[in-house]
There are 2 protein chains.
Amino acid sequence: MTTISSVLEMQRTADSVRLQGKRIGVVPTMGYLHAGHLSLIRIATQHADVVITTIFVNPLQFAPHEDFTRYPRDIERDSRLAEEAGTDYLFIPEQNEMYSSNHLTYVQTESLAEVLEGKIRPGHFRGVTTVVAKLFNITKPHVAVFGQKDAQQALLIQQMVRDLNFNIELNIAPIVREPDGLAMSSRNVYLNPEERKQSVLLSQSLLMAEKMIVEGERNSQIIKEAVTKLLYSQPLAVIDYVSIADASMLHEIEFLSSGTTALISLAVHFGKTRLIDNTIVRIS
Amino acid sequence: MTTISSVLEMQRTADSVRLQGKRIGVVPTMGYLHAGHLSLIRIATQHADVVITTIFVNPLQFAPHEDFTRYPRDIERDSRLAEEAGTDYLFIPEQNEMYSSNHLTYVQTESLAEVLEGKIRPGHFRGVTTVVAKLFNITKPHVAVFGQKDAQQALLIQQMVRDLNFNIELNIAPIVREPDGLAMSSRNVYLNPEERKQSVLLSQSLLMAEKMIVEGERNSQIIKEAVTKLLYSQPLAVIDYVSIADASMLHEIEFLSSGTTALISLAVHFGKTRLIDNTIVRIS
């Protein structure tokens with residue numbers, strides 16, 4: 001595995017890989033890699049000849065009050081894990097290599113970026129689509145792998161790729177979970193033992209929602225109320241949102257009619273830590 | 001010359017040219033080609049092995065009241081001229097090939113897009129940067145050639161290329177003029193004989209401004225007033241703006257101090273036709 005920090009060197013490397021007729025797969029991450037990231041890297045090795053993993057904690061997607069400075073970082077461990085999972089090139093640029101002091105250009109996907117996470121975190125997705133567009137232009141991939149954990153992000157990147165004609169195949173990989181069901185996240189390290197214990201409610205409430213739908217419930221409000229009740233059965237949970245939305249345009253759905261594909265998603269605080277989780281349900 | 005209308009076919013063609021180790025040059029245009037465009041194509045042939053000329057009248061950069069529907073079009077003549085100038089591939093997509101009914105993603109370069117043309121034409125440059133980003137992803141060029149006639153556009157595209165890490169060399173080509181000095185523009189065909197005659201004032205007023213600076217004038221206001229007076233010496237001119245700005249950030253300059261590079265730019269209506277022109281002056 002080769003580590004690269006310069007944009008120009010990464011672009012030259014990508015050009016030279018492409019000139020050999022090889023396929024490039026990219027896995028963009030903010031580092032502090034966990035089993036979820038490693039599954040993305042392994043998926044990339046199955047769809048490309050050369051895998052580039054990028055690690056960049058993108059300041060543009062954090063609001064001033066958010067956890068940018070305290071976001072966990074461990075480059076040595078990340079390097080080892082990324083290599084073991086099959087990374088050929090690890091791209092780790094510095095902040096000033098990615099954003100000049102005179103950065104003025106942003107990529108924005110309207111409508112999809114303004115609900116759910118985007119409503120709670122204004123500017124977040126503008127930061128995401130901008131940095132992903134940059135990383136695509138730097139790593140020149142044939143295929144890019146993102147996780148379903150960030151469902152709205154995955155949807156926005158699919159929309160951006162279509163709208164801006166990025167010639168890139170997207171692979172959205174399933175959520176990887178801890179044995180008790182908690183979705184893998186770099187932010188899970190923030191949880192103290194009691195918060196960690198209660199955080200299992202996120203996946204449990206999604207399972208309950210799925211079960212209600214399988215058993216015939218079609219009224220979203222009833223499902224959301226049951227989910228809310230379950231989440232609030234433990235003292236530490238503070239809910240940002242419980243959403244049941246159309247899985248392509250993210251409009252909230254009132255009645256789950258036959259043929260609908262719904263994204264059920266949650267954002268819940270446990271102490272200072274904000275966790276998200278989701279599941280996609282196809283109504284038969 | 002091969003004509004292509006499909007995005008996918010253009011991307012595959014670009015990939016195949018790149019795999020042969022050849023350099024691609026692109027000249028994005030809105031068609032109705034004139035000597036200015038043809039000079040851009042000839043410059044592209046000098047910097048690339050394969051030249052792609054694109055013709056697309058981009059609805060996104062026109063405001064509702066502007067001349068999108070009446071913008072002049074002549075694909076047969078354009079094809080002949082583009083080929084004669086050295087185009088290898090002519091990319092002419094339909095509207096619905098470029099914008100889906102669910103297009104949501106925009107590229108925006110702040111600050112630079114909000115003055116001069118951007119102030120008079122809100123949304124114009126968002127349309128320009130968005131379509132140029134798309135055309136870059138479709139034609140995958142090593143080098144792109146734009147005209148200095150659209151000075152602010154050239155500056156915005158340079159900024160976008162830097163900010164989003166497009167791995168593309170930009171070549172900004174000098175303005176080509178009619179024998180009497182009028183800058184070449186597809187919109188010149190709109191002018192009636194009297195308007196055409198008076199439109200020579202644009203280039204003449206820029207020459208006068210340059211002469212005043214050479215002769216020692218450093219107060220922008222005095223120069224702008226002289227330009228305004230000259231433009232209004234003919235009855236048909238209606239001025240949108242006369243600007244003397246810093247040539248990199250487009251801040252208006254009051255005093256032309258030594259070492260400054262200034263963009264002197266004008267937008268003037270003659271009847272229903274809006275013309276622009278500019279010159280860059282380095283203060284020694």
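**Notebook: domains of chain A and its contact with chain B**

I looked up the domain centres first: over C-alpha atoms, those of domain 1 and domain 2 of chain A are 26 Å apart. The bounds, which come from an automatic or database domain assignment, put domain 1 of chain A at 2-173 and domain 2 at 186-282.

I noted that this is a predicted model, in which local features need pLDDT of at least 70 and side-chain atom pairs count only at pLDDT 80 or more, while totals for chains, interfaces and linings use all residues. Residues are numbered from 1 along each chain as its sequence is written, and chains are lettered from A and ligands numbered from 1 in the order in which they are written.

Next I took the contact between chain A and chain B, where two residues count if their C-beta atoms, placed from the backbone, lie within 7 Å; 27 residues come from chain A and 27 residues from chain B. On the chain A side I found that E5(A) gives the largest share, 5 residues, and that the elements supplying at least two residues each include helix H1 (7-19) and helix H6 (124-139) of chain A; helices (H or I, at least four residues) and strands (E, at least two) are DSSP runs, numbered from the N terminus.

I then followed the strands: E5(A) and strand E5 (residues 105-109) of chain B run antiparallel and are joined by 5 bridges, where pairing requires that DSSP find at least two bridges between two strands. Within this pairing I located A:Gln108 opposite B:Tyr106 in E5(B).
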